[in-house]
Amino acid sequence: LAQEYMHALGVPTSRSLSLYVSRTDTVHRPWYSEGSRSHDPDMMVAEPVAITTRVAPSFLRVGQLELFGRRARKQEHPQAVQQLEQIVLHAIDREYAEAIDPGLSTDKKVVLLAQSFHDRLIALVTHWMRVGFVPGVMNSDNMSVLGLTIDYGPYGWLEDYDPDWTPNTTDAAGRRYRFGHQPAVAQWNLLQLANAIYPLVEDAAPLEASLREFETRYMARWQAA
């Protein structure tokens, strides 16, 4: 329901394909059931087992590129840089083919990937802020390289305007992923992507330029929205 609602609001998101509910199997989910504070199995309500299937062009995440980038920087094995190049070029060819000329050298493609992801990330976070959506988790393994909303864990929408609100109870102390801090964490994710792909460029200047432009470009987009 949340994914389809987001899609209807014009927010880039994964979509819902199907929901299968078992006619026979059940599971105890005490954190959602009546008497949830009880540890007595007899007090827990049995819920039907269900599987939801979500779809997206890709579920490739910034954190996955980070893994290969870290291996390449540390030179953990002889093929580390080659493997990083393979997954980055795969992402470019699969998801950014319209924006990046396939005839360019790898280093130029990688710089354009950072810039294109920059644009998509700004657009995504602007949409979140526009509709009052808070995913509650914006760590890099929850951030789509495509600029989609893919993590529907402790998500929610603002009821009253509160920049400090988060639906994530595990983030209640630091509130890193609170509503008003989402643009800053998006910029942090852009930095993680830049660090991950740096071994393929070995020139920080174009990547740093994109990072410096983030706040100005986000504010322009936010004001337009």
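What share of the contacts in the protein chain with a separation of 6 or more comes from residues 24 or more positions apart? The figure is 63%. Keep that in mind while walking through this model, which is predicted.

Start with the outline. The protein chain has six helices and four strands. Read along the sequence, they follow the pattern α-β-β-α-α-α-β-β-α-α. The C-alpha atoms fill a box of roughly 60 × 45 × 35 Å, taken along the principal axes. The chain has 225 residues, and 41% of them count as buried.

Now take one helix. Helix α4 covers residues 106–131, which makes 26 residues. How far apart should its ends be, at 1.5 Å a residue? The expected span is 38 Å. The end C-alpha atoms of α4 are 37 Å apart, so expectation and model agree. Just after α4 comes Gly 132. Its phi is positive, at about 75 degrees.

Two other residues also have a positive phi, and neither is a glycine. Arg 175 has a phi near 50 degrees. Arg 175 sits in the loop between β4 and α5. Its relative accessibility is 32%, so Arg 175 counts as partly exposed. Glu 202 has a phi of about 55 degrees. Glu 202 lies in the loop between α5 and α6, where α6 spans residues 204–224. Is Glu 202 buried or exposed? At 62% relative accessibility, Glu 202 counts as exposed.

Next, the charged pairs. How many salt bridges does a search of the whole structure find? The search finds five. Begin near the N terminus, with Arg 15 and Glu 4. Their side chains meet at 2.7 Å, N to O. This pair links distant parts of the chain: Arg 15 belongs to strand β1 (residues 15–28), Glu 4 belongs to helix α1 (residues 2–8), and 11 residues separate them. Where does the pair stand on exposure? Arg 15 has a relative accessibility of 29%, so Arg 15 counts as partly exposed. Glu 4 also has 29%, and Glu 4 therefore counts as partly exposed.

Arg 94 and Glu 95 form another salt bridge, again at 2.7 Å, N to O. Glu 95 has a relative accessible area of 14%, so Glu 95 is buried.

A further bridge joins Arg 178 and Asp 164, at 3.5 Å, N to O. Both partners lie in the loop between β4 (156–157) and α5 (182–197), 14 residues apart, and the pair links distant parts of the chain. Arg 178 has a relative accessible area of 22% and is therefore partly exposed. The cut-off for buried is under 20%. Asp 164 is at 42%, so Asp 164 counts as partly exposed too.

Salt bridges also form a network. Which residues does the network link? They are Asp 119, Glu 213 and Arg 217. By numbering, Asp 119 falls within helix α4, residues 106–131. Glu 213 and Arg 217 fall within α6, 204–224.

Turn to the interior, and to helix α5. Asn 189 is found in this helix. Is Asn 189 buried or exposed? Its relative accessibility is 0%, so Asn 189 counts as buried. What does Asn 189 touch, leaving aside its neighbours within four places in sequence? The contacts are Val 62, Met 138, Asn 139, Ser 140 and Met 143.

Met 143 leads to the last stop, since Met 143 also helps line the largest cavity. How many cavities of 30 Å³ or more does the structure hold? The structure holds one. About 40 Å³ of space lies in the largest cavity. Its lining is made of Trp 128, Pro 135, Val 137, Asn 142, Met 143, Ser 144, Leu 148, Ile 150 and Asp 151. Sorted by class, the lining has six nonpolar, two polar and one charged residues. Asp 151 is the charged one among the lining residues. Trp 128 falls within helix α4, residues 106–131. That ties the cavity back to the helix whose span was checked above.

Terms used:
Residues are numbered from 1 along each chain as its sequence is written. This is a predicted model: local features need pLDDT of at least 70, side-chain atom pairs count only at pLDDT 80 or more; totals for chains, interfaces and linings use all residues. Side-chain values use heavy atoms; hydrogens and water are left out. On a 1 Å grid over the protein atoms alone, a cavity is a set of points where a 1.4 Å probe fits but cannot get out, and a pocket is an open set with protein on both sides within 12 Å along at least five of seven lines; lining residues have an atom within 4 Å of a point. Grid points are joined across faces, edges and corners, and a volume is the space filled by probe spheres set on the points. Helices (H or I, at least four residues) and strands (E, at least two) are DSSP runs, numbered from the N terminus. The expected span of a helix is 1.5 Å times one less than its number of residues. A salt bridge is a side-chain nitrogen of Lys or Arg within 4 Å of a carboxyl oxygen of Asp or Glu. Buried means under 20% relative accessible area, exposed over 50%, partly exposed in between (1.4 Å probe, protein chains only). Contact means heavy atoms within 4.5 Å.
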